[in-house]
Amino acid sequence: NVSSVENFKALCEWAGASYDLANRLQSARADSVVNQDSNLFSYGFFPRQVALMTNLGRRLNFEVSLMIVRLENPDALNLDEQRKIPILINDATRVVMRNTDMAFDYETPGFEFALLLPATPSENMSFVLKKFDQALEQHVYSVVPRARFSTTTQTLYKAKKPKED
């Protein structure tokens, strides 16, 4: 009857509006600077900051380093443990990092993280790695002891040595 058709039409419009709103929210979150769940900078913000810091390093002659942290065994963790990892990584990086360093979600958000380290020479990365390992012990492994991480580092810009007279 007509009433059923009108109710169905209203239900479809409501479902369509809800779907559109969910898509817009997802798009806005992808374009945001900070991941609201972990307080890490978002992966969408990462390329802009890398370009900015690399250009500043080139202009002002300071090195820019990058550390990538990967959760190696996400399948060994339950869903609750997986959800805690980004928050715990954020806690660990706040202990290790200086105010100028930035922690990001990386290519696989929740399982990969990038630490952008301006004015960190490659020679000092061993100290950063040691401090980061200690922070993982204290903040991550104490909560999710089965988590296993790998880290890689790279120099995004190598400062030029000043010319001697």
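Select L66 in strand β1 (residues 64-71) and look across to strand β4: L66 stands opposite Q154 there. Strands here, like helices, are DSSP runs numbered from the N terminus (E, at least two residues, for strands; H or I, at least four, for helices). Before moving on, keep in mind that this is a predicted model, where local features need pLDDT of at least 70, side-chain atom pairs count only at pLDDT 80 or more, and totals for chains, interfaces and linings use all residues. Residues are numbered from 1 along each chain as its sequence is written, and side-chain values use heavy atoms, with hydrogens and water left out.

**Stop 1: β1 and its two partners**

Now show all of β1 together with β4 (residues 149-157): the two run antiparallel and are joined by 8 bridges. Two strands count as paired if DSSP finds at least two bridges between them. Swing round to β3 (residues 112-118), also antiparallel to β1, with 7 bridges between them. You can walk along this pairing residue by residue. S65 stands opposite L117, M67 has L115 as its bridge partner, and R70 stands opposite E112.

How many residues of β1 are buried? It is 7 of the 8, so β1 is largely enclosed by the rest of the structure. Buried means under 20% relative accessible area, exposed over 50%, and partly exposed in between, using a 1.4 Å probe and protein chains only.

**Stop 2: the whole sheet**

Add β2, and you have an open sheet of 4 strands in the order β2-β3-β1-β4, with antiparallel pairing. At the edges stand β2 (102-105) and β4; each has a single partner strand, so one side of each is left without a neighbour in the sheet. On average, and ignoring direction, neighbouring strands of this sheet are turned by 20° against each other. Angles like this one are taken between axes, lines fitted to C-alpha atoms (for helices over the stretch in contact), and run from 0 to 180 degrees between N-to-C directions.

Colour β3 next. It is mostly covered, with 7 of its 7 residues buried. Which of them point one way, and which the other? E112, A114, L116 and P118 go to one side, F113, L115 and L117 to the other.

From β3, step to β2: 4 bridges join this antiparallel pair, and D105 has F113 as its bridge partner. The hairpin of β2 and β3 has 6 residues between the strands, and G110 there takes a positive phi near 95°.

**Stop 3: α3 and what it touches**

Bring in helix α3 (residues 79-96). This helix lies across β1, β2, β3 and β4, running at about 20° to β3. Contact, here and below, means heavy atoms within 4.5 Å.

Then add helix α4 (residues 125-141): its axis and that of α3 come within 8 Å and cross at roughly 130°. That makes α3 oblique to α4, since angles under 35 degrees count as roughly parallel, over 145 as roughly antiparallel, 65 to 115 as roughly perpendicular and the rest as oblique. To see the contact, select I85, L88, I89, D91, A92, T93, V95 and V96 of α3 with V128, K131, F132, A135, L136, H139 and V140 of α4. By class, that makes 11 nonpolar, 2 polar and 2 charged residues. Ala, Val, Leu, Ile, Met, Phe, Trp, Tyr, Cys and Pro count as nonpolar, Asp, Glu, Lys and Arg as charged, and the others, Gly among them, as polar.

**Stop 4: three loop residues**

Follow the chain on to M97, in the loop between α3 and β2. Is M97 buried or exposed? At 14% relative accessibility, M97 counts as buried. Leaving aside residues up to four places away in sequence, M97 touches M102, A103 and L115. Its C-alpha atom is separated from that of V128 by 8.3 Å, the two being 31 residues apart along the chain.

Jump to N39, in the loop between α1 (2-31) and α2 (46-60). N39 counts as exposed at 53% relative accessibility. With residues up to four places away not counted, N39 touches V34 and N90. Its C-alpha atom lies 8.5 Å from that of P86, 47 residues apart along the chain.

Check the backbone too. Most residues other than glycine have a negative phi. The phi of N39, though, is positive, near 65°.

Finish at N61, in the loop between α2 and β1. N61 also has a positive phi, near 60°, and counts as partly exposed at 34% relative accessibility.
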